[in-house]
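Here are a few exercises to work through with the model open beside you. Try each one before you read the solution.

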Amino acid sequence: MQTETSVDPFADAHSALDALGRYVAGARAALAQAVIDPGGKPDLARLEAEQRRAHGFAWLAAHAEALAALQHWAERLDAVGRFGRAERLQHAIAFSEYLSRAAYGLPMGQSETVRPHDLGCPEAAGVLAGDPAVRRMIAAGGAPEVRADLAAALADGAWGDPGDDLADGGEDGALMRESFRRFAADHVAPHAQAWHKRDALIPESVLEALADLGLFGLTIPEAHGGLGLGKRAMCIVTEALSAAHLGVGSLGTRSEIAGDLIAQNGTAQQRARFLPGIASGACLPTAVFTEPDVGSDLAHLKTRAVRDGDRFLVRGAKTWITHGARSDLMTLLVRTNPDEAGHKGLSMLLAEKPRGSVDDPFPVAGLRGAEIRTLGYRGLKEYDIAFDDFAVPVENLLGGVEGAGFAQLMSTFESARIQTAARAVGTAAGALAAAVDYATTRRQFAKPLIAFPRVSDKLALIAAELQAVRQLTFAACDAKDSGRRSDVEAGMAKLLAARLAWAAADDGLQIHGGIGYAEDTPISRFLVDARILNIFEGAGEIQAQVIARGLLGRRN
């Protein structure tokens, strides 16, 4: 029998990564030949026409980056003597699965698989599949005994060391994960299903306790009342909370967006006025960007802000406003110059409002709203909002500059997408935990469900991919914290994490069988929660487009 001890994670990994890198380069060259104009830039019309090839390339590149991040994690753990049984198995299975996908077919959705001929380089795929190191890694990690070994490790409580403390400045990462995991286990998980079924707001007491733990000011500079930590800390905390309840894991999202917007772009007065309240949780922000019939196409945003003396009067409609009623500050994207087409006429306002309630969500003149009922992602509530001469002081124009709203927003999308990747990883982890618990306690035909290969295979594959996508998300954090543009890295993390969350919840429900479809069973909540993750903060198709365009624009 082949066990984890016969799978060497380092003998072939670098050779396999080199082979995969050559294949990615070949796919990029084939795509570039089809879409690059004579000036050396992507022709947007051609890129759209070649969307399947472009998006397939993005998925391929994301898989390659996930394996590179996983290998980096493995080597760092090995260096400190912590690369044990579960970690070795996760590494082997993830390499086997991702290399197989790259060589033979990449799933982009439930019904879409990109094959090598779609990428325009089938011969290169054949070279990848025939590479000796690749073949050995696919065979080693794909062995049934290896997957069974990982499932057994999960049943024993060995989930794999995330390596939270191994990054520069991350010494407190493991303590932070445990602190928020313990909070979630004690104060969130026992009540999550009831909140979901009642479609109730997350209780104020939970918000207050999380504020005391520093959730809302994790990455806000210390000079303005925050903890001044990096994006990795944000992801560790987000994942720990999301594993219990996606809504609780999402509480910090709008504070992260608003904090980034104001810290990076606000005037000194705006930073001093707003950031301490956001950091303490006294000021709950909401992001007000999306409009009906606009979605991701922000260039055609219509909501107007008309200058009227020392104030702007806002007119228009917004939709999918999360935590809209129970918020004190709207980061509001509007068109202040109707004569400027596209992005140039957009500005960002810091629009204050009184906090509403479920019964009276918007108790202020010029603002009306109605709740959007949702399948999942409950606890915060979504709203349509209409503005009718809603007044915002001119001094609340972000940065004091008109026309800069789109550029200001784009830099924060990187952080928001990384944080969404962490929410997806947490959701996947929660679904996996529920599935493992059920598979080890539920017996059929005189043995536990986990003893059946089709069950243990599902658990092992999700656990292995969970580690790979977690490490890819951490890599995106590190790219963002380095100060360089990281839209590609953020997009890759969100792309794979959202797919993983859905796969984990879907497989988890399948393992539960009929009881999983019951409303009282947590796995049913994980399923409806997971579905939104591939849509908000930029749908999967948008992420793939961003990745493909970004990689085409980078120099080799």
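A contact here means heavy atoms within 4.5 Å. This is a predicted model, where local features need pLDDT of at least 70, side-chain atom pairs count only at pLDDT 80 or more, and totals for chains, interfaces and linings use all residues. Residues are numbered from 1 along each chain as its sequence is written, and side-chain values use heavy atoms, with hydrogens and water left out.

**Exercise 1. Find the neighbours of Arg-101, and say whether Arg-101 is buried or exposed.**

Step 1: locate it. Arg-101 sits in helix H4, residues 85-104. Helices are DSSP runs of H or I with at least four residues, strands are runs of E with at least two, and both are numbered from the N terminus.

Step 2: check the cover. Arg-101 has a relative accessible area of 8%, which makes it buried. The cut-offs are under 20% for buried, over 50% for exposed and partly exposed in between, using a 1.4 Å probe and protein chains only.

Step 3: list the contacts. Leaving out residues up to four places away in sequence, Arg-101 touches His-63, Leu-106, Pro-107, Glu-465 and Arg-499.

Step 4: look at His-63 again. The side chains of Arg-101 and His-63 share a polar contact of 3.0 Å. That term means a pair of N or O atoms within 3.5 Å; within protein, one must be able to donate a hydrogen and the other to accept it, and residues adjacent in sequence count only if both atoms are side-chain atoms.

**Exercise 2. Where are Tyr-377 and Ala-446, and is each one buried or exposed?**

Step 1: start with Tyr-377. It lies in the loop between strand E8 (367-372) and strand E9 (382-393). Its phi is positive, about 50°, although it isn't a glycine. With 6% relative accessible area, Tyr-377 is buried.

Step 2: move on to Ala-446. This one is in the loop between strand E10 (443-444) and strand E11 (447-448). Ala-446 isn't a glycine either, yet has a positive phi of about 70°. Its relative accessibility is 68%, so Ala-446 counts as exposed.

**Exercise 3. How compact is the chain?**

Step 1: count the elements. You should get 20 helices and 11 strands.

Step 2: apply the globule rule, 2.2 Å times the number of residues to the power 0.38, with the radius of gyration taken over C-alpha atoms. The radius is 24 Å, close to the 24 Å the rule gives for 556 residues, so the chain is as compact as a globular protein of that length.

Step 3: add the burial figure. Of the 556 residues, 58% are buried.
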